[in-house]
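User: Could you take a close look at the nonpolar core of this one for me? I'd like to know what builds it and how the parts around it fit in.

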Amino acid sequence: MKSKNEWRTDKEYVSIVADLLAQPAVQKLANYTQHHHSTRLQHSIAVSYDSYKIAKKMHLDYRSTARAGLLHDLFYYDWRTTKFNLGTHAFIHPRVALRNAEKLTPLNKKEKDIILKHMFGATLAVPRYPESLIVSLVDDFEAEHEFFGPLRAKMRRKIKKRRMRTTW
Ligand SMILES: [Fe+2]
Ligand SMILES: [Fe+2]
């Protein structure tokens, strides 16, 4: 996303996800930190919107991509502190997210696959649809971007300051 609020001006995107965004179960994601510099809600919207744009450009099912992208991390625990007996966070949370998403809205086969397989790479669950692969790749990209983005900006500012000091 070019800016955090770019999606708000995309009327078609907003109309696709508006009913989901209006749900308290989705808004609650704002209470959880995802990657140090972003909340889980900001992360979910970023993954959803960027995946939607790619799917649209590729003439794929951008509606399912946008909706399932928004719900792909619909879980309510701190993944850095909560540990499970049944498997790793990478394995467990797509299943938790799918169960929670099913309580909010009917999901088609593709939307279920997108949520369940979004950790492809960290888990062996291979995406069945190109839309699932898009969300999985965008998720990786956003995670890196959300973590290092602000750090890079800080470094750029520091380097600029130092340069100015040495110039004068
Ligand atoms: Fe996830
Ligand atoms: Fe994610």
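Analyst: Sure, let's start in the middle. The largest nonpolar core holds 28 residues, and Leu71, Ala97 and Ile115 have the most contacts inside it. Helices 1 (11-21), 3 (40-57), 4 (62-71), 5 (89-104), 6 (109-116) and 7 (130-167) each give two or more residues to this core. Helix 3 brings the largest share, with six residues. Keep in mind that this is a predicted model.

Ile115 is a handy place to look around. Setting aside neighbours within four places in sequence, Ile115 is in contact with Ala68, Leu71, His72, Pro94, Ala97, Leu98 and Ala101. Two of those partners, Leu71 and Ala97, are themselves among the residues with the most contacts inside the core.

Now for helix 3, the top contributor to the core with its six residues. Helix 3 is mostly covered, as 13 of its 18 residues are buried. Its length checks out too: at 1.5 Å a residue, those 18 residues should span 26 Å, and the end C-alpha atoms of helix 3 are indeed 26 Å apart, so the two agree. After helix 3 comes His59, which has a positive phi, near 55 degrees.

Helix 1 shows two faces. Tyr13, Val17 and Leu20 are buried there. These residues sit on the same side of helix 1 because they cover an arc of only 30 degrees around its axis. Over on the other side of helix 1, you'll find Lys11, Glu12, Ser15, Ala18 and Asp19 exposed. And what covers the buried residues of helix 1? The cover includes helix 2 (24-27), helix 3, helix 4 and helix 5.

Zooming out, the protein chain is made of seven helices and zero strands. Buried residues account for 35% of its 168 residues. Of the contacts in the chain with a separation of 6 or more, 58% are between residues 24 or more positions apart. The C-alpha atoms fill a box of roughly 65 × 40 × 30 Å along the principal axes.

As for annotation, an unreviewed UniProt entry has "domain: HD" covering residues 40-143. In the model, the end C-alpha atoms of residues 40-143 lie 11 Å apart, and this span is 63% helix and 0% strand.

Conventions
Residues are numbered from 1 along each chain as its sequence is written. Chains are lettered from A and ligands numbered from 1 in the order in which they are written. This is a predicted model: local features need pLDDT of at least 70, side-chain atom pairs count only at pLDDT 80 or more; totals for chains, interfaces and linings use all residues. Helices (H or I, at least four residues) and strands (E, at least two) are DSSP runs, numbered from the N terminus. A residue is buried if 20 or more other C-beta atoms lie within 10 Å of its own, exposed if 12 or fewer, and partly exposed in between; C-beta atoms are placed from the backbone. Two residues are in contact if their C-beta atoms, placed from the backbone, lie within 7 Å. A nonpolar core is a set of buried Ala, Val, Leu, Ile, Met, Phe, Trp, Tyr and Cys residues joined through C-beta atoms within 7 Å. UniProt positions are given in the numbering used here, feature names are shortened, and annotations may be inferred rather than shown by experiment. The arc is that of the directions from the helix axis to the C-beta atoms. The expected span of a helix is 1.5 Å times one less than its number of residues.
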